Each structure stands twice: as C-alpha cells, then as structure tokens.
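Trainee: I should like to learn how the terms used for a protein model are justified. May I ask about them one at a time?

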Amino acid sequence: MASTEDKAANKENVSSWKDSIYNPRTGELLGRTASSWALILLFYLVFYCFLAGMFALTMWVMLLTLDDYVPRYRDRVPEPGLVIRPNSLDITFNKSDSKNYKNYVNHLESFLQRYNDSMQENNEECIPGEYYMQDGGEMTKKVCPFRRTSLSLCSGLSDTDFGYQEGKPCVLLKMNRIIGLKPIGDPYINCTVKKDHPVQMHYFPSEGRIDKMYFPYYGKKAHENYMQPLVAVKLLLTKEDYNKELAVECRVEGTNLRNNDERDKFLGRVTFRVKVVE
Amino acid sequence: MGDKDDRSPKKKKGATKDMDDLKKEVPITEHKMSVEEVCRKFQTDVVQGLTNAKAAEFLLRDGPNALTPPPTTPEWVKFCRQLFGGFSILLWTGAILCFLAYAIQAATEDEPAGDNQALVIREGEKVQINAEEVVAGDLIEVKGGDRIPADIRVTSAHGCKVDNSSLTGESEPQSRSPDCTHDNPLETRNVAFFSTNCVEGTARGIVICTGDRTVMGRIATLTSGLETGKTPIAREIEHFIHIITGVAVFLGVTFFILAIILGYTWLEAVIFLIGIIVANVPEGLLATVTVCLTLTAKRMAKKNCLVKNLEAVETLGSTSTICSDKTGTLTQNRMTVAHMWFDNQIHEADTTEDQSGAAFDKSSVTWLSLSRVAALCNRAQFKAGQDSVSILKRDVAGDASESALLKCIELSCGSVRMMRDKNKKVAEIPFNSTNKYQLSVHETEDPNDNRYLLVMKGAPERILDRCSTIMLQGKEQPMDEEMKEAFQNAYMELGGLGERVLGFCHVLLPEDQYPKGFAFDTDDVNFQTDNLCFVGLISMIDPPRAAVPDAVGKCRSAGIKVIMVTGDHPITAKAIAKGVGIISEGNETVEDIAARLNIPVSQVNPRDAKACVIHGSDLKDLSQDQMDDILRNHTEIVFARTSPQQKLIIVEGCQRLGAIVAVTGDGVNDSPALKKADIGVAMGISGSDVSKQAADMILLDDNFASIVTGVEEGRLIFDNLKKSIAYTLTSNIPEITPFLFFIIVNIPLPLGTITILCIDLGTDMVPAISLAYEAAESDIMKRQPRNPARDKLVNERLISIAYGQIGMIQALGGFFAYFVILAENGFLPSQLVGIRLNWDDRSLNDLEDSYGQQWTYEQRKIVEFTCHTAFFVSIVVVQWADLIICKTRRNSVFQQGMKNKILIFGLFEETALAAFLSYCPGMDVALRMYPLKPTWWFCAFPYSFLIFVYDEARKLILRRNPGGWVEKETYY
C-alpha cells in the first residue's frame with residue numbers, strides 16, 4: 001500500500017522533478033532559496049519554541065495545583081485488585097528439576113526481602129483488628145510491621161524452596177494498595193480449585209486473614225515504608241494432581257470489597273493456573 | 001453466516017442445539033427400564049447385539065461416539081479481527097463513505113428521454129411507424145409540427161418550413177422546396193435534417209440517411225466520442241490527495257525508520273507504518289466536499305441553474321472564457337419588431353421582454369396606415385384560448401416575422417382580429433421566393449366606401465419598384481429621387497443593424513375599375529400590382545434578452561472573456577454582439593477601422609483592433625497559430641457562420657491557451673462544443689435533448705444572466721472549500737501525534753481509533769459543511785478568474801498553516817488534557833514516559849502510580865479511555881477556534897461577523913455531540929468513552945484562545961502588509 005501511494009505521489013511531480021529538487025539557475029532547493037529556507041525554518045523554530053514554552057507553562061501550573069501526598073481523584077481506583085507472586089498467571093514447573101522452578105523461587109525470595117525482620121526494626125507494633133488511623137499530626141505516617149515469619153512454611157526461611165521441590169508450591173497474594181482504603185468487615189483470602197475433589201490448602205497467616213491494622217494506606221510519600229500485608233497459600237497437591245493443569249481462583253472474602261466484577265477479572269479476585277510436572 | 005456454514009458444519013450443529021435443553025438435568029431414563037425395554041428401545045439384542053446394518057444406521061443418525069471438540073475461535077473470526085481491527089476500521093469507513101457519496105451523486109442525476117413517430121409511404125400506403133424503423137429510401141411525409149425522422153431529400157413541398165435553429169442556429173424557419181439552391185448541403189433548400197422540426201406546410205421526401213449517418217447523428221457521434229478532461233475541481237482534489245498522500249507516506253516512512261531504530265520488530269514497524277498512513281487520511285473530507293458541492297448545486301438549482309454533474313458546480317467559478325451561442329442564449333429566440341421607417345424617419349420599437357422600453361409617436365397617420373398594412377397583409381394569428389396571457393408570451397400560428405408583426409400591431413393598435421373582421425379579405429397571394437412579396441385585397445372599413453384596399457409587403461427593393469408614391473404625414477406624395485435616396489439610407493442602416501427589413505405599401509383600388517364584387521384572380525393576376533403607395537419599412541430582429549448586457553458586463557468585470565460563437569450571419573451577430581456588450585462601445589473591428597480611415601482592410605494593423613468578427617469560411621483557412629493569435633490578441637471576438645466542428649475547434653483553441661472554457665448553447669450544433677468545454681451550459685426551455693445531454697449544467701430559464709450567478713456561486717464554493725479543507729485537515733495533526741508519541745516515548749495511547757472516527761465523521765462534519773454557507777469576504781465578481789496552474793485548492797501554505805501551525809497548537813491542547821487527567825488520577829507525566837509496555841500488559845495488575853497506588857489492567861484502561869475522551873473533547877474545543885478562524889482567509893472575524901447561522905449551529909452541534917458521546921450511559925461499553933469531570937473540558941481552552949489570537953494576529957499582519965512575507969507564506 002505504501003509503495004503504490006508513493007508512486008502516485010511521485011508521478012505528479014515527475015515533470016518538474018529535477019528542478020523542484022534543485023534548480024541551479026535560481027539556486028532553489030526544493031522550491032526555495034537558501035534565505036527563504038532560513039526564514040521559514042527560523043519562523044518555525046521560534047513558533048515551536050513559543051509553543052513548547054506555553055505547554056511547559058500550562059503543565060507547570062497544572063502540576064502546582066496537585067497535592068504531593070494524595071492524587072486529586074481516586075474514583076477510578078475505588079476497589080483493590082488481587083495479585084499473586086510469583087508474578088505469573090501460569091505456574092508450570094517440574095518439581096524434580098530445580099532449575100525449572102528456580103525463577104519462581106528467586107522471585108519469591110527477592111520479593112520477601114523487604115519483609116525480613118531486620119528491615120522492620122523501626123516499625124512499632126500496632127493493635128491487631130483495628131484500623132491504624134493517623135489522620136492529622138505528622139505528614140510522615142507510621143508503618144505497622146508485617147513479618148516474614150508470619151508466613152511460616154511459605155516464608156522461605158524454613159523451606160527455601162517454598163515447597164516447589166516437594167510439589168506443594170506456595171503462592172503469595174496481595175491486595176493492591178489504594179490510598180485511604182478501609183475494608184469493612186474482616187478480609188480474608190479464600191482459594192478454590194476447580195476440580196472434582198478439593199485440593200488441600202494451607203493459608204498463612206491462619207485462615208488467610210488480612211489484618212485491618214494495615215489499613216488505611218496513606219500514599220507513597222507519607223507512608224514510605226508501608227508494609228503491604230500478604231497472604232500465602234500453600235497448595236497441598238497430591239500425586240494425582242500432578243501433570244494436570246489446575247485452575248485456582250482466589251477471592252477476597254468477608255468484606256464489602258467487590259470480587260465478582262464482570263469486566264475486571266482481577267478486582268478482589270485472581271485466577272491462575274498451576275501445573276506441576278513430576 | 002454462509003462462510004461459517006461452509007467451513008465448519010460441526011459448529012452449526014452445536015449452535016443449533018438447544019442450550020436450554022443442555023442446562024436441564026441429565027435426561028436419562030434407561031436406568032429405570034428393564035433390560036428388555038432397553039433392548040426394545042435400541043432395537044438390539046442382549047445376546048446377539050446390534051446387526052451390522054443397524055449399527056451403521058445408528059452411527060449415521062447419532063454421529064461418532066466422540067465429544068464435540070470445544071469451540072475454538074474460528075479462523076475466519078481471527079481473520080476478521082485483522083480485517084477490521086485497529087486502524088483498518090478507518091479504511092473501511094472510508095470505503096462505506098464512497099458508497100454514500102455515490103448514492104448522493106446518483107440521486108441528483110436524471111436523464112431525459114423521448115420517442116417519435118413517422119409517416120412513411122410503403123407499397124403505396126401511408127403507414128405510421130416508429131421513427132426508429134425508418135430506413136434509407138423510405139418515402140416520407142411530414143407536416144407542420146412534425147419532427148423530421150431522418151435526413152430527407154425533399155421531392156415535393158407545399159409551403160414547407162423547417163426550424164433549423166437547433167442545427168445551424170438560424171432563428172428563422174427556412175423554407176424547403178425540391179430545388180437545389182446551394183452547394184453546401186446545410187444551406188440548400190431541398191434537404192431537411194433529422195430531428196429538426198417542420199414548422200408549417202407539408203413536404204414529401206426520400207430518406208437519404210438514417211441514424212448515426214444523418215448530419216445530426218454525426219454531430220451526436222462526434223459529441224459522444226469526445227474525450228472530456230477532468231473538471232477543474234476534480235484536478236484540484238487529485239492534487240490535494242497527492243499532497244496528503246505525500247505527507248502521509250513521508251510521515252509513515254519516517255516513523256517506520258524511527259521505529260526500527262528504536263528497536264521495534266519489523267512487524268510492529270510495518271503496523272505502525274500502515275497505522276500512520278491510514279490515520280493521515282481525512283475520512284470525512286471527501287464526503288464533506290461532496291456535501292458542500294451538493295448544497296451549492298441545490299442553491300444554484302433554486303436560481304435556475306440545474307447542475308447535472310456535481311463537480312461542474314465549481315467549474316463556472318474557474319471559468320476564464322465563455323463561448324456563448326447567440327440564438328436563444330443571448331437573444332430571446334423570437335423575432336421582434338425593432339425599428340420602423342415612416343415619414344422619412346426611423347422609429348424605434350420596444351424590444352424588451354417586459355415592454356419597459358421607450359415608445360414611439362403613434363399619432364402619425366402614416367403609422368396607422370402602416371399598421372393596417374402590417375395587420376392585414378399577415379397570415380399569422382394567435383392560437384385560441386390565450387386571452388389571459390400577455391401578448392408577447394402568446395403562441396402564434398405562423399411564421400416568425402409575421403408573428404413579430406402581429407404582436408407589434410396587437411400591442412400598439414389593439415386587436416388585430418377586429419381589424420381583420422372589419423376589413424374582410426377578398427383575395428390573397430402568399431409569399432413566394434420568385435415574387436418576394438405577399439399581397440392581399442380587403443374591403444375597407446367604411447361601409448359606404450366600396451373601394452378595395454390592396455396591401456402588400458415584401459423585400460423592400462421589390463416593393464419600392466412597384467411604388468410610384470410615398471406616404472408622408474398621411475399624405476400621398478410622388479416618389480422622387482430624394483425620397484428614394486432616403487429609403488436607401490434607411491434600408492442600409494436597418495440592414496446594417498443586422499435586422500430583417502420588410503417594405504410595406506398599399507393602394508385603394510379605383511372603384512370604377514374594380515367595382516364591388518370584382519373577381520380577383522390570384523393565379524392569373526387581373527388587377528393592379530404596381531403604382532402603389534409606399535408606406536414604410538419595418539425591421540425585425542431576434543433581440544437580446546434584457547438581462548444579458550448586464551450579465552456580460554459582470555462577466556467582464558469578473559475577468560471573464562465572452563466570445564460569441566454563432567451559426568448566424570456576421571452582420572446580425574455583430575449587431576447583437578454590440579447590443580449586449582460583447583463588442584463594447586468604442587471598440588472597432590478591423591473592418592470598422594478600414595471603413596473609418598477609408599483604407600483597404602489589408603492595410604489595417606490587426607493589433608489596433610480589439611474586437612473582431614470572424615466568418616466561418618475564414619476560420620476554415622486559419623492555421624492553429626493564427627487561431628491562437630486571434631484568441632490571444634483580441635479581447636472581443638465574434639465567430640459567425642460557424643459549423644459545429646468549428647465551434648469545437650474554437651473551444652479547443654481557448655483550452656490550448658490555458659483557459660477554462662464554458663460554452664453555452666441550445667442547439668445540436670453546439671453539443672460537440674458543449675461536451676468539449678470544461679463546462680457545457682445548455683438551455684432548459686429551448687435547448688435540444690442532445691445539447692442537454694452533452695451539457696454539465698442546464699439553465700432552466702434560458703437566461704444568460706443565470707451564468708453570472710453560477711460564476712459567483714462557483715467562486716464562492718471554491719473559496720469555501722479551501723476553508724472547509726483547512727478546517728478538516730487541521731484536526732489531522734492532533735489525531736496523528738498521539739500515535740507518534742505512543743511509538744516514540746512509549747506513553748499510554750492518548751487517542752484511540754474510535755475517537756478519531758468520532759472527530760472525522762462526527763463532530764467535524766457539520767462545522768466543515770457549514771463553511772460552505774460562509775459569505776464571500778470581498779466582491780468575488782471583481783477579481784480575475786483563478787489561474788488553474790497557480791491558484792490551487794490546497795497548496796503548501798494551507799498545509800503549513802493547518803498542519804504546521806494550528807494543528808500543532810491543537811495537538812498540544814489535547815496532550816495537555818491527557819496529561820492533566822493522568823496526573824490528577826495519580827500518574828504524573830514523568831512516570832508516563834516508557835510505561836507503555838507495562839501499561840498494556842494484561843497480566844500486570846498491580847501497576848504502581850506516582851502515589852504508590854496499584855492499578856489493575858482494567859482500572860488503568862478506564863483512565864486511558866477517559867483520556868481518549870478528554871483528548872477528543874479537547875479537539876472539539878480547539879476546533880471551535882479553528883472553525884471561527886477558518887471563516888475568513890484575510891479579513892478579521894470582527895469584519896466578517898458571525899452571520900452564518902449554520903456555522904453557529906455547527907458549533908453547538910459538535911459540542912452537544914461531544915457531550916453526548918461522553919455522558920450518555922452505555923457509551924463506556926459501546927464506544928469506550930467515559931464521562932469527563934467538568935474541569936477537564938477547560939483544559940484546552942487556553943489553546944483554543946491561543947489559536948484565535950494567533951490567527952487574528954496573522955491576518956492583521958497579512959492585511960497590513962499586502963504581498964509581504966506573511967502573505968507569501970501563509971495566505972492559502
């Protein structure tokens with residue numbers, strides 16, 4: 001298509017082609033003399049500089065009106081999405097080949113670095129089961145600790161392979177951070193496997209609870225070291241589950257948060273596939 | 001559906017299966033039956049099993065015992081996604097618009113049709129047959145009112161006259177007789193031509209040519225065989241498309257190379273290339289142009305210019321030369337009494353169509369006598385039932401000059417019929433070409449006066465020969481040499497005006513020789529036909545239409561050269577040319593100069609004469625160079641006695657000199673020229689079907705003045721199309737830059753395909769069309785016609801303004817709105833650069849914004865689509881300013897005013913449409929457009945204001961410095 005149009009465009013100019021590129025008599029290049037070119041280019045240079053200046057000015061004014069801590073509108077993210085780690089919706093590995101699942105393990109390990117106890121010495125303990133409200137007062141908000149140890153078997157401390165070696169992989173779940181979000185009720189994660197007979201699962205912390213003390217979130221600038229609460233699910237797969245693709249769906253339950261939006265499949269829920277090859 | 005059926009029959013089976021049925025519980029009942037019952041049901045046997053035949057039958061009935069494979073996306077759906085996905089939808093919409101444009105065009109065209117009968121004599125019997133079945137050699141009879149069915153050689157005729165005006169342009173009916181009178185077949189009396197009309201009398205003749213071989217057929221074949229070039233507007237649009245294509249390909253290739261450098265894969269780069277080229281196509285523009293032309297065509301139709309070919313609307317505006325036929329176009333195509341000579345004085349009659357001209361002294365006794373002669377010695381009469389119609393418009397049975405006399409007398413002296421009733425006709429000798437006179441004998445009005453009145457009219461010199469006295473101031477005086485001299489001078493003068501002169505005389509026959517009841521023998525004349533009393537001369541002409549001189553003047557001031565091309569005689573042509581201003585006052589022809597200086601024509605320098613009258617026979621001998629020379633050096637030209645082929649040559653000559661030529665004409669003889677011309681203008685009332693078919697435009701009222709309207713409308717639409725295109729093209733830049741930035745700096749796409757379409761085919765449409773209603777900025781009839789080589793519809797200056805300047809401001813306005821929305825939702829501009837890959841990753845559902853919030857794919861897509869909507873709304877906002885600045889090319893908006901109501905409507909319409917698309921519930925699903933917060937509407941306001949101020953400043957400098965740099969670089 002491009003080539004035919006190109007030809008059509010050229011055809012018209014064929015007659016005056018040579019002259020229109022460079023006319024030796026008048027010294028015109030592409031129909032303009034050097035000074036004419038200089039003038040028009042100068043005009044466009046000045047014009048575009050002015051436009052760039054105007055754009056920069058309006059952008060600057062706009063940025064001045066913004067708050068550093070909270071975005072002006074938050075109505076486009078009213079509800080949190082649910083995300084898993086390792087960051088893949090298709091977890092397939094050979095349990096007997098460590099190279100095969102190394103990526104997942106490394107990913108989880110690096111993700112959990114922030115949750116090391118050593119990183120959280122500055123954080124004060126909060127009252128479990130209550131929102132940690134810090135309105136007013138200092139702009140920098142305090143952070144409730146979330147310790148890696150609370151993930152127990154899935155913390156990667158006792159079992160550095162996160163159960164991938166034994167074919168009972170751990171999957172971490174986290175709710176997206178949303179400024180000012182205070183879920184009503186007691187949020188917990190519940191996972192199901194679409195399969196004839198249920199697969200045993202182990203949740204850490206127990207029952208997959210997400211404590212309310214981690215809410216609300218005050219934003220990146222105020223809540224710099226905010227620890228996002230995690231829930232780990234250990235899929236206790238048995239021999240007969242191997243070599244099959246299992247669809248696992250996890251939802252946030254027990255709250256007013258949406259987990260059944262028709263269009264957004266990741267709002268308060270997440271579906272991923274697990275396949276363990278023996 | 002057909003494809004689907006053919007390619008995957010299994011799929012159909014699944015589709016037709018009742019889903020509700022499947023949703024019910026398992027319908028198995030066999031478990032409750034006994035084994036025997038089950039065997040019966042399946043016609044099987046517990047021991048033997050099924051027979052082979054049954055098994056085969058059941059296999060055929062139920063299909064194989066395998067699960068239906070799960071529905072996968074069929075290949076054709078995948079193909080369709082490619083076919084209609086992304087920017088391809090822009091192309092498809094363009095294709096659909098082509099159908100629409102064609103439908104509009106097809107609906108505005110209509111063709112006339114006709115059908116005919118002929119009376120032939122075959123095997124001695126007269127038969128009425130279809131004219132199409134006439135063959136060469138047929139003996140044919142025609143009578144007054146018939147259309148001649150083929151070229152015929154007349155064998156016998158009785159007062160037969162044919163109207164050759166459509167073929168030769170002669171206004172007067174020509175008599176036909178069996179004698180050969182001229183070498184030229186077109187001039188000789190014994191041939192009547194196909195499709196001319198027999199006006200009166202009867203004739204018989206042998207068909208010599210039929211169909212395409214007839215003179216008329218040859219002209220028609222010549223006409224249809226002519227290659228007509230593209231209309232000027234078509235050439236302009238083609239040029240415009242070349243420019244747009246050039247820009248699109250240039251941009252596409254640039255970004256293709258850039259994409260490769262930036263590390264995109266080949267396939268992605270090619271998709272970008274196609275996307276950019278397609279996005280550059282202004283989808284709505286050609287439809288807008290069509291609609292603008294249609295609107296103008298409608299407006300012109302209201303002013304009696306019917307446009308057959310839509311593109312011809314503009315052609316009149318570009319016209320630099322008009323070749324006009326005389327008869328019926330410049331003139332009324334109706335003989336009218338123009339002058340009278342009596343009492344040794346020339347009197348001027350009123351020739352205007354509405355009788356608004358000056359009247360002459362009607363009190364003279366001579367005039368009474370003259371009018372009596374003219375009324376009595378006249379066989380014409382009004383057709384019945386026309387008492388309510390004004391005299392000039394009544395239909396008359398009779399020959400053209402007699403009806404002219406009839407109307408003139410009826411107008412000045414009252415009812416001619418009463419006069420004829422009072423003076424009963426006793427005898428009559430009709431006009432014939434040997435006598436060249438017509439006479440009749442009447443009783444007198446006075447019942448006591450038993451004398452007879454003999455009245456005679458005819459060729460003046462013949463009449464004069466028969467007269468011995470002349471009537472002056474009502475008294476008979478002997479005809480002396482002095483009076484003869486006066487007569488000659490008057491005759492010469494009237495003849496020199498191109499008028500047809502008739503002489504009138506009468507005598508009261510002495511009672512003693514011709515007592516009451518005398519038997520006048522008209523075959524063997526037994527009464528006095530000389531020593532008559534000369535009464536006067538009456539001259540007639542086909543007078544120019546009232547509006548023509550004014551129209552010719554307007555064409556002149558609009559820089560349009562008006563050339564007369566006629567089949568009529570040079571003297572008549574010249575007289576009419578002078579009358580309508582084609583030869584303006586004070587301009588002389590070579591012959592005039594020669595006559596004034598009393599030197600031979602050959603000694604006059606042709607350059608001294610601005611005007612010239614060229615005879616068809618001279619034209620034949622001219623070389624192409626001489627022809628060019630004449631057309632170039634004379635401003636006022638009249639071609640007389642031209643054949644259809646010569647008319648064509650004249651048109652071609654003008655076109656060779658670079659002129660855009662309009663030809664007006666009504667006859668078949670004009671049709672080759674009509675077809676060859678850039679725009680052919682035919683006459684709606686008097687025009688022949690052939691000429692109407694060859695023409696691009698039809699003047700419904702036959703009025704040359706309508707052409708001026710056409711020129712004005714054509715020039716206006718050309719100017720307004722420029723504005724419309726400038727307006728539409730401008731929004732191309734804010735439509736294409738988002739995609740470019742999407743590629744280069746990897747930001748989320750700021751404007752999607754759907755929204756681009758909403759602009760091109762939605763909000764931009766009505767405003768662009770409304771510019772067609774814009775009033776002219778200056779007196780467009782005072783400037784020269786555009787030079788097609790230089791003054792283009794779309795030139796680089798228009799592109800520079802639209803793309804380089806206004807478009808850029810608009811794009812910034814859109815981008816500003818985009819950045820505002822993303823920033824206010826948490827994504828600051830600094831974070832956006834390079835975010836694209838993550839942004840468009842469906843599996844990434846915790847994308848972090850500048851405030852630490854995390855977004856799912858759907859959530860951020862909603863923000864992105866809100867940005868599309870805001871970008872779209874911003875384009876609408878900046879297009880307000882663009883529309884207002886596009887109203888004028890030179891004047892300030894404050895000078896031009898906001899009188900264009902359609903334009904104001906357009907402003908409101910596009911805003912309402914934008915609001916509707918943004919706020920209407922369900923749009924988020926249908927078009928993925930989301931409601932905007934009120935403040936986001938104002939993001940582009942500073943840019944809209946900037947556009948207005950910038951362009952007003954530009955136009956101010958442009959007006960202050962005519963011919964300056966700003967005009968050279970930015971006046972489009």
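Trainee: Where in chain A does Glu207(A) lie?

Mentor: Glu207(A) is placed in the loop between strand 7 and strand 8 of chain A; helices (H or I, at least four residues) and strands (E, at least two) are DSSP runs, numbered from the N terminus. Please note that this is a predicted model, in which local features need pLDDT of at least 70 and side-chain atom pairs count only at pLDDT 80 or more, while totals for chains, interfaces and linings use all residues. Residues are numbered from 1 along each chain as its sequence is written, chains are lettered from A and ligands numbered from 1 in the order in which they are written, and side-chain values use heavy atoms, with hydrogens and water left out.

Trainee: What makes the phi of Glu207(A) worth a remark?

Mentor: Its phi is near 60°, a positive value in a residue other than glycine. The loop between strand 7 (200–204) and strand 8 (230–236) of chain A also holds Pro205(A), and the peptide bond that leads to Pro205(A) from Phe204(A) is cis, with omega near -15°. Pro216(A) has its place in the loop between strand 7 and strand 8 of chain A as well, and the bond from Phe215(A) to Pro216(A) is cis with omega near -10°.

Trainee: What is the phi of Gln473(B), and why is Gln473(B) called exposed?

Mentor: Gln473(B) has a positive phi near 45° and is not glycine. This residue sits in the loop between strand 17 (467–472) and strand 18 of chain B. The cut-offs are these: buried means under 20% relative accessible area, exposed over 50%, partly exposed in between (1.4 Å probe, protein chains only). Gln473(B) has 51% relative accessibility, and therefore counts as exposed.

Trainee: Why is Asp480(B) called partly exposed?

Mentor: Asp480(B) has a relative accessibility of 36%, so the class is partly exposed. Its place is the loop between strand 18 (475–478) and helix 19 (481–496) of chain B.

Trainee: Which residues share a patch of negative charge with Asp480(B)?

Mentor: Glu481(B), Glu482(B) and Glu485(B) gather with Asp480(B) in that surface patch. Patch members have over 30% relative accessible area and no salt bridge; like charges are joined within 9 Å, nonpolar side chains (Val, Leu, Ile, Met, Phe, Trp, Tyr) within 5 Å.

Trainee: How do you know that Arg786(B) and Glu236(B) form a salt bridge?

Mentor: A salt bridge is a side-chain nitrogen of Lys or Arg within 4 Å of a carboxyl oxygen of Asp or Glu. For Arg786(B) and Glu236(B) the N to O distance is 3.2 Å, and the pair is a salt bridge. Arg786(B) is in the loop between helix 31 (765–770) and helix 32 (796–824) of chain B and Glu236(B) in helix 10 (residues 232–261) of chain B, so the bridge ties together parts 550 residues apart in sequence. Arg786(B), at 11% relative accessibility, counts as buried, and Glu236(B) counts as buried at 2%. Together with Glu314(B) and Lys792(B), these residues are linked in a network of salt bridges.

Trainee: What is the distance between Lys457(B) and Glu402(B) in their salt bridge?

Mentor: Their closest N and O atoms are 2.7 Å apart. Lys457(B) belongs to strand 16 (residues 452–458) of chain B and Glu402(B) to helix 16 (residues 400–413) of chain B, so this pair ties together parts 55 residues apart in sequence. The values of 5% for Lys457(B) and 8% for Glu402(B) make each count as buried. Another bridge joins Lys647(B) and Asp325(B) at 3.5 Å, N to O; both of these residues are buried. Over all chains, the structure holds 54 salt bridges.

Trainee: Which part of chain A is called a transmembrane region?

Mentor: The unreviewed UniProt entry gives that annotation to residues 37–66 of chain A; such annotations may be inferred rather than shown by experiment. In the model, this span is 93% helix and 0% strand, with its end C-alpha atoms 43 Å apart. In chain B, the annotated regions in the unreviewed UniProt entry include residues 797–821, a span that is 100% helix and 0% strand with end C-alpha atoms 35 Å apart.

Technical notes
Areas by Shrake-Rupley, 256 points an atom, 1.4 Å probe, with all protein chains shown as cover. Lys, Arg positive; Asp, Glu negative; His and termini not counted. Charge placed at Lys NZ, Arg CZ, Asp CG, Glu CD.
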